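Today I wanted to look up how the ligand is held, and then take a short detour to a hairpin. Here are my notes, friend, in the order I made them.

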Amino acid sequence: MDVIVSLCKRRGFVFQSSEIYGGIASCWDYGPLGVELKNNVKRAWWRDNVTLRADMVGLDAAILMHPAVWKASGHLDHFTDPMVDCKACRRRFRADQLDERPWTHYCPATKGNKFAVAGGEACPHCGARRTLCPECGKGELTPPRQFNLMFKTFMGPVEEDAAVTYLRPETAQGIFVNFDNVLQSMRLKLPFGVAQIGKSFRNEITPGNFIFRTHEFEQMEIEFFVNPNDAIDGRPADEVWHERWIEERFAWYQRYGIRRENLRLREHEKAELAHYAKRTADIEYKFPIGWSELEGVANRTDFDLKQHSQASGKSLTYFDDERKSHVVPYVIEPSAGADRSVLAFLVDAYREEEVRGEKRVVLRLHPDLAPIKIAVLPLLKKRPEIVATAQDLRARLARRWTAVYDDTAAIGRLYRRQDEVGTPYCVTVDVQTVGDAEKGEAGDQRVTIRARDSMEQIRVPIEELATVFGELFDGTAWSAVAARYPAAKG
Ligand code: GAP
């Protein structure tokens, strides 16, 4: 993880929030390349789940909602974690995770020597188990208290109870309360889904591990509404759609480059299921901190629509034409984190390779996700025609793809820099391209395209560049394109 955190800071992906004031714990800012990468992740998700599907529409609901939403949804009463405090060092822990973490122990059998003991294990010297604070090893812990994870705030100028509202802890509720608006305005037929991307906030007791668990994060959520009276191949439609969405979401991460062996599915045990869920399966990724949740795919049944209907007095039903009756749809919810997805894509793409005896760091990001698509590089920055041609090319390519110009180092170094941030293609303008007017030599008006992954290079006429990149970014294999052009010397 340290390698990724360091790369992210050095190359402008992610910075500590408010760093010049010493930082604020578990809050992160996306830098120039990070915002491009995150936008690309969100764009790919939206395109595949909304634009390309006939059964999905989008929504962008407000973060602040009527406080009654959170009572009806169960968040006010149930969205809590048991919390304990150390009376000595004042650190705070989740009571249910205490035995999973390593603990500090001053062992009486070895004259009070300090040891770090693995989570859940007894001291190998005295056999004692942890009772005190796992961090400082000295303080007693308070009894567990339920701690609500929602951030409370006030609407308007007076900080009184009547003005209390909450920053939403999930985007899902904005979809449920708009169910009827969306249904009526878009004249939809079941099954259909509503997708939303937006910020959510949780006052996590133990945030951390970079952008994996933060107080403020972005979710990419789908609420897919299904008629519970329908059957598909003799099975309840909600159960079949649940499986379809698990498969679809599993395939999505692989489509954008995550290796199959780094993904797995984990079923929630009965005792672990959220208060609204009939079944939940997590898609887990092998993060540097171990296998952890990347996305949850839950069958929320009709819980949310029924709750909001009861609490608001508004009917949130669907009229089933075939059965001539109103029905409350069931909901399948694939709920992904944009920030966690960014982390997984970064981790999976990161490679250290040896090239001609030197270390090359390369982010093998899918071209759709790469923050910069094309870097245009002049071989010699002292030659004005080369610089002018390269800058003109960048401006033309930038109309369709994120393209940058860089002349701040020698070409080898420039290539390495682009490899490290995952730029799939570099275009180099050299003497051969522009010729030498003083010597009466005309250039060949060809440039070199270098592919990030294979490091192969081809010479392509400038006038064909847009066509070539159009093909490459549409998914044509490099080998198929490269076969049409002469190789350039590496
Ligand atoms: N509406 C259902 C829901 O919110 P969740 O499992 O609590 O379910 C869904 O959250 C996803 O949101 C998670 O799989 C994770 O990717 C992301 N997420 C949740 N809490 C997060 C946090 N504190 N920081 C970053 N991402 C988080």
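I started with G337: a polar backbone atom of this residue is 3.0 Å from an oxygen atom of the ligand. I kept in mind that this is a predicted model.

Next I asked how much of the ligand the protein buries. Taken alone, the ligand exposes 560 Å², and 90% of that is buried by the protein. I also checked where the ligand sits, and the place is the largest pocket.

Then I went back to the contacts. L294 offers a polar backbone atom 2.9 Å from an oxygen atom of the ligand. With R300 it is the side chain that takes part: one of its polar atoms lies 3.4 Å from a nitrogen atom of the ligand.

I looked up the whole shell as well. The ligand is surrounded by 20 residues, and the closest are E170, R202, E204, E221 and E293. Sorted by class, I found ten charged, five polar and five nonpolar residues in this shell.

Which strand gives the most to the shell? My entry reads β17, with five residues. Strands β12 (216-226), β17 (290-301) and β20 (330-337) each supply at least two residues.

Last came the detour to β6 and β7. Strand β6 (residues 103-107) runs antiparallel to strand β7 (residues 113-117), and five bridges join them. I noted one pairing here: C107 has N113 in β7 as its bridge partner. Five residues lie between the strands of this hairpin, and K111 takes a positive phi near 55°.

Methods: Residues are numbered from 1 along each chain as its sequence is written. This is a predicted model: local features need pLDDT of at least 70, side-chain atom pairs count only at pLDDT 80 or more; totals for chains, interfaces and linings use all residues. Side-chain values use heavy atoms; hydrogens and water are left out. A residue is near a molecule or strand if one of its heavy atoms lies within 4 Å of it. A polar contact is a pair of N or O atoms within 3.5 Å; within protein, one must be able to donate a hydrogen and the other to accept it, and residues adjacent in sequence count only if both atoms are side-chain atoms. Accessible areas come from the Shrake-Rupley method with a 1.4 Å probe; for residues, only the protein chains shown count as cover. On a 1 Å grid over the protein atoms alone, a cavity is a set of points where a 1.4 Å probe fits but cannot get out, and a pocket is an open set with protein on both sides within 12 Å along at least five of seven lines; lining residues have an atom within 4 Å of a point. A molecule sits in a cavity or pocket if more than half of its atoms lie within 2 Å of its grid points. Helices (H or I, at least four residues) and strands (E, at least two) are DSSP runs, numbered from the N terminus. Ala, Val, Leu, Ile, Met, Phe, Trp, Tyr, Cys and Pro count as nonpolar, Asp, Glu, Lys and Arg as charged, and the others, Gly among them, as polar. Two strands pair if DSSP finds at least two bridges between them.
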